[in-house]
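Student: I should like to learn how to read a structure that is new to me. May we work through it feature by feature?

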Amino acid sequence: MAQGDHIYCSIYNNSKFPYHHGIDCGNDTIIHYQNNYKHGKDGIILWVPMTEFAKHRKIYIKKYDKCDPPIVVFMRAKRRLGEKNYNVFYNNCEHFAHYCKTGKPISLQVDKAKEIIGDNGIAVADGLSKNLINVINSVESSKNYIHKSIEDTLNFWRKKDDDDNDNSFLNLL
């Protein structure tokens with residue numbers, strides 16, 4: 001592998017679809033679009049060690065018939081560091097890596113999905129994924145609010161308890 005290579009590995013530990021993509025920066029580092037599905041947060045373009053990108057998975061190099069010189073690829077990737085506009089259907093890690101190589105944001109994985117479910121299916125799936133992220137964020141926010149409310153209530157009653165010796169506060173529970 002060399003600086004400016006478009007690399008990818010299976011998201012799962014098998015060598016099969018779907019794949020995660022990034023740009024090799026040399027010195028065993030990668031710039032890639034990392035999404036945080038687990039916490040329902042937008043992805044971010046990060047510069048990470050190769051081991052963090054690969055996570056013990058086999059890495060492949062995507063070959064291009066025509067692409068820009070490695071320094072252009074690297075500079076495109078570097079300019080987008082910190083970007084937080086991840087979208088699985090319209091701006092994912094493959095769009096990012098392909099854009100860095102050619103100047104055109106293309107995802108063959110999304111194109112395959114479009115062949116199966118069409119543009120409208122992609123739009124519906126995108127809407128559902130955004131709604132799911134909103135639900136996750138709402139649940140997290142509600143959980144924090146409820147936790148704070150319970151904590152505030154308990155503190156209120158603790159302060160009301162003038163005599164800690166009689167355990168009257170504990171009797172409320």
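**Reading the contacts and the core**

Tutor: Let us begin with a single residue and the partners it meets. Setting aside neighbours within four places in sequence, Cys100 is in contact with Ile23, Val73, Arg76 and Ala77. Please keep in mind throughout that this is a predicted model.

Student: To which larger nonpolar group do residues such as Cys100 and Ala77 belong?

Tutor: The general idea comes first. In soluble globular proteins, nonpolar side chains tend to be buried together. In this case, the largest nonpolar core has 13 residues, and those with the most contacts inside it are Ile23, Ile31, Tyr33, Ile45, Ala77, Phe96 and Cys100.

Student: Which elements each supply at least two residues of this core?

Tutor: Strand S2 (19-26), strand S3 (29-36), H2 and H3 each do so. H3 gives the most, with 4 residues. Apart from this core lies another, of 6 residues, among them Ile7, Ile30, Val48 and Met50.

Student: At what angle do helices H2 and H3 cross?

Tutor: A crossing is described by the distance between two axes and the angle they make. The axes of helix H2 (residues 70-79) and helix H3 (residues 93-102) come within 7 Å and cross at roughly 135 degrees. H2 is therefore oblique to H3. The crossing of these two helices is right-handed.

Student: Which residues of H2 and H3 meet?

Tutor: From H2 come Val73, Arg76 and Ala77, and they meet Phe96, Tyr99, Cys100, Lys101 and Thr102 in H3. By class, this contact of H2 with H3 has 5 nonpolar, 1 polar and 2 charged residues.

Student: How should I read the chain as a whole, and how many helices and strands has it?

Tutor: One lists the elements, then their order. The protein chain has 5 helices and 5 strands, and along the sequence it follows the pattern β-β-β-β-α-β-α-α-α-α. Of its 173 residues, buried ones make up 31%. Contacts may also be sorted by separation in sequence: among those between residues at least 6 apart, 53% join residues at least 24 apart.

Student: Which residues other than glycine have a positive phi?

Tutor: Backbone angles are read residue by residue, together with the place of each residue in the chain. Asn27 is one of these residues, with phi near 55 degrees. Asn27 lies in the loop between S2 and S3. His56 is another, with a positive phi of about 70 degrees, and it lies in the loop between helix H1 (50-54) and strand S5 (60-61).

Student: Is Asn27 buried or exposed, and is His56 buried or exposed?

Tutor: The relative accessible area decides the matter, and a residue over 50% counts as exposed. Asn27 has a value of 75% and is therefore exposed. His56, at 86%, is likewise exposed.

Student: Where does Arg57 lie, and is Arg57 buried or exposed?

Tutor: Arg57 lies in the loop between H1 and S5. The cut-off for a buried residue is under 20%. Arg57 has a relative accessible area of 15%, so it is buried.

Student: Which residues does Arg57 touch?

Tutor: Not counting residues up to four places away in sequence, Arg57 touches Cys9, Ser10, Ile11, Tyr12 and Asn13. One of these partners shows how sequence and space are read together: Arg57 and Tyr12 are 45 residues apart along the chain, and their C-alpha atoms are separated by 8.0 Å.

Terms used: Residues numbered from 1 in each chain as written. Predicted model: local features only at pLDDT ≥ 70, side-chain atom pairs only at ≥ 80, totals over all residues. Heavy atoms only, no water. Axes fitted to C-alpha atoms, helices over the stretch in contact; angles between N-to-C directions. Parallel < 35°, antiparallel > 145°, perpendicular 65-115°, else oblique. Left-handed = near helix turned anticlockwise from the far one by under 90°. Contact = heavy atoms within 4.5 Å. Nonpolar A, V, L, I, M, F, W, Y, C, P; charged D, E, K, R; others polar. Core = buried A, V, L, I, M, F, W, Y, C linked by side-chain atoms within 4.5 Å. Buried < 20%, exposed > 50% of the residue type's maximum accessible area, 1.4 Å probe, protein only.
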